[in-house]
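This report examines a complex, beginning with a single residue and proceeding to a sheet, the contact between chains and the chains as wholes. The sequence and structure are shown below.

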Amino acid sequence: MKPLLGYRKPAPGTQPNHLYPPYVSSIKRAPKHPLVSIPVTLSETTGPSFPTEVASPKAFDLTRQHKGEPLGERITVSGRVLDEDGRPIRNTLVEIWQANAAGRYLHKNDQHDAPLDPNFTGVGRTFTDEDGRYRFITVRPGAYPWKNHYNAWRPQHIHFSLFGPAFATRLVTQMYFPGDPLLEFDPIFHSVPEEAARRRLISSFDWLSTEPDLSLGFRFDIVLRGREATPLER
Amino acid sequence: MPGHSTPSQTVGPFFSIGLKHMNRADLAEGSTSERLTIRGSVLDGDGQPVPDAVLEIWQADADGRYHHPEHSAVPNDATPFFGFGRIPTDAHGRFSFTTVKPGPVYGPDGKPQAPHLQISVFMRGLLKQLVTRLYFPEEPLNAADPVFQVVPESRRKTLIARQASQKQNTLEWNVCLQGGDETVFFDC
């Protein structure tokens with residue numbers, strides 16, 4: 001039997017801890033005991049793969065899901081999904097969700113006094129291609145207030161959910177926009193200890209995917225955990 | 001050039017709009033094995049139910065095969081056991097799903113692992129998912145399971161589901177985020 005290779009542990013400071021008291025909701029929900037380290041088994045190195053029906057060919061375009069076009073600044077968000085060795089993650093499901101241009105989610109619990117947009121659901125899905133590339137067309141989400149502290153506002157963001165090849169590579173994250181003044185004050189963003197790691201959550205403005213007379217382009221590359229090296233490679 | 005993985009961020013309070021398309025509480029679909037219902041609650045540090053959590057399940061089939069190229073892909077199987085479930089909690093913090101008991105999968109030393117479900121838990125307030133396992137009651141393989149063995153003995157019970165009283169083929173298991181019954185969560 002071949003020895004089973006696990007997935008690399010994140011470098012210190014590059015991932016949030018569960019408890020980050022400035023993010024108040026973490027206080028009653030983060031476990032108190034330290035996590036228990038376990039040996040690598042097939043249960044972590046395998047994971048689900050999804051049939052292509054899960055994301056219809058149109059599901060990447062959030063601006064064409066209704067009769068009319070949504071209000072707001074039309075943008076494309078594209079990038080590559082790679083592992084920590086720079087290898088593309090092919091044919092993996094990418095799920096996104098976001099607020100509309102006014103900063104309101106189409107969710108019954110969102111009480112922010114901003115208008116819903118009848119032409120915007122704020123949900124997209126796609127699979128990466130053979131080079132690990134993905135692309136979404138959407139509108140730039142608005143910032144919105146939340147109750148974490150006095151005058152708290154979330155920076156503009158898009159939620160991303162990815163699977164990768166294994167249970168161990170599952171990642172849910174948020175993409176932010178360059179130059180957003182709210183980032184400095186956001187405890188969720190700042191839950192990531194290292195500044196260099198936080199910067200990886202900020203997309204970059206991208207001329208290459210900016211389309212004349214149509215939409216601004218933002219690039220957001222996503223890196224999933226890489227495989228541990230074999231003894232030979234080490 | 002090796003890079004670092006993208007940091008995790010919370011799913012937030014409104015994830016259901018993006019994730020509900022793949023809610024899947026029947027993992028037994030396509031399997032002829034005996035069906036089990038597994039139900040429970042997600043509870044926070046005050047023992048209060050968490051109405052905005054979602055569980056993701058990953059498991060082997062009844063023969064102990066993960067449907068994954070690294071183990072035992074069955075691409076032409078007419079009714080492949082998909083092995084994946086996504087189950088949100090309800091307004092009372094409860095969840096319920098149906099599945100089959102997975103068979104034992106071999107572990108790092110070639111010996112069988114005890115049957116178990118892999119479970120990721122996501123919710124507002126969690127900056128990254130929590131990972132745990134559900135083991136089955138009265139299962140002789142539990143004692144020798146390589147993961148079970150590294151868990152302090154006093155906490156192992158948090159990983160084992162209980163037979164529901166007066167309800168056949170129904171197991172109960174809670175996710176306790178904190179407190180005396182805090183569920184064991186893994187770094188894996």
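## Burial of A:Phe177

In this predicted model, A:Phe177 counts as buried because 22 C-beta neighbours lie inside 10 Å, and the cut-off for that class is 20 or more. The residue sits in a loop of chain A, after strand 9 (171-176) and before helix 2 (187-190).

Which residues does A:Phe177 touch, once those up to four places away in sequence are set aside? The partners are A:Gln156, A:Ser203 and A:Phe218. A further relation across the sequence involves A:Leu201, 24 residues from A:Phe177 along the chain, with a C-alpha separation of 8.6 Å between the two.

## The sheet containing strand 9

Strand 9 of chain A, which leads into the loop that holds A:Phe177, belongs to an open sheet of 4 strands. The order of the strands is 4-3-8-9, and the pairing is antiparallel. Strand 4 (123-127) and strand 9 are the edge strands, each pairing on one side only. From one strand to the next, the twist averages 20°.

The pairing of strand 9 with strand 8 (residues 157-162) of chain A is antiparallel and extends over 6 bridges. Within this part of chain A, A:Ser161 has A:Val172 of strand 9 as its bridge partner. In general, strands of a sheet pair through backbone hydrogen bonds, either parallel or antiparallel.

## Contact between chains A and B

The contact takes 65 residues from chain A and 58 residues from chain B. On the side of chain B that touches chain A, at least two residues each come from helix 1 (16-19), strand 5 (116-123) and strand 10 (186-187). By class, the residues on this side of chain B comprise 29 nonpolar, 22 polar and 7 charged.

Strand pairing also links the chains: strand 1 (residues 36-37) of chain A and strand 10 of chain B pair over 2 bridges. In which sense do these strands pair, parallel or antiparallel? The sense is parallel, and B:Phe186 in strand 10 of chain B is the bridge partner of A:Val36.

## Overall form of chain A

Chain A contains 3 helices and 12 strands. Its radius of gyration is 19 Å, close to the 17 Å given by the globule rule for 234 residues, so chain A is as compact as a globular protein of that length. The C-alpha trace of chain A spans about 55 × 40 × 30 Å along its principal axes.

Of the 234 residues in chain A, 42% count as buried. Among contacts in chain A with a separation of 6 or more, 72% are between residues 24 or more positions apart.

## Overall form of chain B

Chain B has 1 helix and 10 strands; read from the N terminus, the order of elements is α-β-β-β-β-β-β-β-β-β-β. The radius of gyration of chain B is 17 Å, which agrees with the value near 16 Å for a compact globule with 188 residues. Along its principal axes, the C-alpha trace of chain B spans about 45 × 40 × 35 Å.

Of the 188 residues of chain B, 45% count as buried. For contacts in chain B between residues at least 6 apart in sequence, 71% join residues at least 24 apart.

## Confidence of the prediction

The predictor assigns the complex an ipTM of 0.97 and a pTM of 0.96. For chain B the mean pLDDT is 93, with 94% of its residues reaching 70 or more. Where pLDDT is low, the predicted coordinates should not be read in detail.

Methods
Residues are numbered from 1 along each chain as its sequence is written. Chains are lettered from A and ligands numbered from 1 in the order in which they are written. This is a predicted model: local features need pLDDT of at least 70, side-chain atom pairs count only at pLDDT 80 or more; totals for chains, interfaces and linings use all residues. A residue is buried if 20 or more other C-beta atoms lie within 10 Å of its own, exposed if 12 or fewer, and partly exposed in between; C-beta atoms are placed from the backbone. Two residues are in contact if their C-beta atoms, placed from the backbone, lie within 7 Å. Two strands pair if DSSP finds at least two bridges between them. Axes are lines fitted to C-alpha atoms, for helices over the stretch in contact, and angles run from 0 to 180 degrees between N-to-C directions. Ala, Val, Leu, Ile, Met, Phe, Trp, Tyr, Cys and Pro count as nonpolar, Asp, Glu, Lys and Arg as charged, and the others, Gly among them, as polar. pLDDT is the predictor's confidence in each residue, from 0 to 100. The radius of gyration is taken over C-alpha atoms; the globule rule is 2.2 Å times the number of residues to the power 0.38.
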